[in-house]
Amino acid sequence: MIPGPFVYHRPASVGEAVGLLAAHGEDARPFAGGHSLIPMMKLRMAAPSHLVDLAGISDLATIRDEGSTVVIGATVTQAALIRSDLLAARLPILRETALQIADPQIRTKGTLGGNVANGDPGNDMPALMQCLGATYVLAGPDGSREVAARDFYEAAYFTLLQPGEILTAVRIPVPPAGHGYAYEKLKRKIGDYATAAAAVVLTLDGSTVASAAIALTNVASTPLFAEEASRLVVGTSLDAATVKAAAEAAKAITDPATDGRGTAEYRREMAGVMVARALVKAADRARTGA
Amino acid sequence: MSEIDTIPVSLTVNGRKVQRFVEPRTLLIHFLREELNLTGAHIGCETSHCGACTVEIDGASVKSCTMFAVQANGASVTTVEGLANADGTLHALQEGFRQMHGLQCGFCTPGMLMRAKVLLSENPDPTEEEIRFGIAGNLCRCTGYQNIVKAIQYAAAKLNGRTYQEAAE
Ligand SMILES: Cc1cc2nc3c(=O)[nH]c(=O)nc-3n(C[C@H](O)[C@H](O)[C@H](O)COP(=O)(O)OP(=O)(O)OC[C@H]3O[C@@H](n4cnc5c(N)ncnc54)[C@H](O)[C@@H]3O)c2cc1C
Ligand code: FES
Ligand code: FES
């Protein structure tokens, strides 16, 4: 399996990359870790005639602490997310999620930017970014703009990213110290996309939930921010009845496909199970400070 | 589509500088096997799943079937051919695979060895669970993994100056 021919570009700056994409129009694609794009090119499901490799743009490979926000460059790899002490301290759910993506070799190459820009509902980072309320920074010929992760996804492989734009960074508001978090993913084996997965971040005030955000992976054609379910748990002690109600509210917004991972019915059910598990684990971590 | 020009790549492979002109679409595995005649890294699935094509690039593990040779420009690549010690003796991992019967048909072995090398450089004394998680991107159809895990434990012990003691079953 050999991809179709293409011209390879390796710009050294965002401006140069955007210029190349503009010059080659629809035939050109940004290229990061290649671990979604190369498999698609081998199958000829993608046949770009120009690849603009972002690996030579060193600004895109950094993680920056801006106090209340952490800014992660688009080409930061999943392996680098796992290694980062800054993220381990301030946004530990990134490491927890990255460790559930694919396998060590794939995490060496796969980038955060590629994962969130790809638009495949199977990708794990988009729902996490929705849960965290992250913003994507997009650079195009007319300058730079920001789009909320919760607004970015339109349908499978359709996002608000315009041809000619690249995603340069993800801006993540840091949840307060002591927050609880969990990414619960059901998969058949390591290296598999989720049958269903749920991300939860919450804070407690005493034993009462003060804030909560829940999002879902691979149970619809886009990642889903479960607004109603998130709202339901706030102000409660997260008793069994509340957990069940939140899981039901999350299930209600899913629309999974029947595939090798199971029937639509099963996958919807599992979305509820993942939400319940993630809520309980997150609350537990918030309580014990783990 | 019109003819695509080949472009120059230069990289270090097993300590040797190499320079070639390649088509951009040339996958690193094909470059290693066909241009450099380094047939140690195997092509198993071609779909980024099996890990038989695993090589080390700048200290990290990569599936060379899912990377273009041009992406390795300037990098340092180590394949299983570069694993043995400089004096020609077997690397502790190779010795471990031999002593603990870590292979049967041997198809997955070059990838397993190269993955295990990076695993031990990042985590010199891994638990069994850490080894299993660390080699999760490498499939073996023969051994059932048990002896591969033991082989890696053997190598870790040797590299840490201990003698490997098999855990009681
Ligand atoms: C066997 C296997 C298992 C996997 N399992 C999982 C899994 O469980 N969960 C998961 O989330 N992922 C999984 N992946 C996908 C992997 O995480 C990819 O690395 C990731 O989806 C894409 O990141 P990339 O950097 O490799 O992007 P690429 O493959 O380089 O690009 C992907 C797409 O995004 C575009 N793109 C890339 N970067 C940018 C940018 N900065 N701006 C604009 N557009 C951009 C490209 O044009 C392309 O369309 C798996 C992959 C494999 C091969
Ligand atoms: S041949 Fe590369 S992962 Fe199987
Ligand atoms: S020894 Fe045969 S595939 Fe592993």
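**Exercise 1.** How many residues surround ligand 1, and which are the closest?

*Solution.* The model is predicted: local features need pLDDT of at least 70, side-chain atom pairs count only at pLDDT 80 or more, and totals for chains, interfaces and linings use all residues. Residues are numbered from 1 along each chain as its sequence is written, chains are lettered from A and ligands numbered from 1 in the order in which they are written, and side-chain values use heavy atoms, with hydrogens and water left out.

Step 1. Take each residue with a heavy atom within 4 Å of the ligand. This gives 32 residues around ligand 1, and the closest are A:Pro30, A:Ser36, A:Leu37, A:Thr111 and A:Asp124.

Step 2. Place the ligand: ligand 1 lies between chains A and B.

Step 3. Sort the shell by class. It holds 14 nonpolar, 14 polar and 4 charged residues, where Ala, Val, Leu, Ile, Met, Phe, Trp, Tyr, Cys and Pro count as nonpolar, Asp, Glu, Lys and Arg as charged, and the others, Gly among them, as polar.

**Exercise 2.** Find polar contacts of ligand 1 (pairs of N or O atoms within 3.5 Å), then state how much of the ligand is covered.

*Solution.* Step 1. Start with the backbone: an N or O atom of A:Pro30 lies 2.6 Å from an oxygen atom of ligand 1.

Step 2. Turn to side chains. A polar side-chain atom of A:Thr111 is 2.6 Å from a ligand 1 oxygen atom, and one of A:Asn123 is 2.9 Å from an oxygen atom of ligand 1.

Step 3. On its own, ligand 1 has 970 Å² of accessible area, of which the protein covers 97% (Shrake-Rupley method, 1.4 Å probe).

Step 4. In chain A, β2 (28–31), α7 (112–117) and β10 (166–173) are the elements giving two or more residues to the shell around ligand 1. Elements are DSSP runs numbered from the N terminus: helices H or I of at least four residues, strands E of at least two.

**Exercise 3.** At what angle do α2 and α5 of chain B pack, and what is the handedness of their crossing?

*Solution.* Step 1. Fit axes to C-alpha atoms over the stretch in contact, with angles from 0 to 180 degrees between N-to-C directions. For α2(B) (residues 92–99) and α5(B) (residues 146–159), the angle is about 135° and the axes are 8 Å apart.

Step 2. That makes α2(B) oblique to α5(B); angles under 35 degrees count as roughly parallel, over 145 as roughly antiparallel, 65 to 115 as roughly perpendicular and the rest as oblique.

Step 3. The α2(B)–α5(B) crossing is right-handed, meaning that the near helix is turned clockwise from the far one by less than a right angle.

Technical notes. A polar contact is a pair of N or O atoms within 3.5 Å; within protein, one must be able to donate a hydrogen and the other to accept it, and residues adjacent in sequence count only if both atoms are side-chain atoms.
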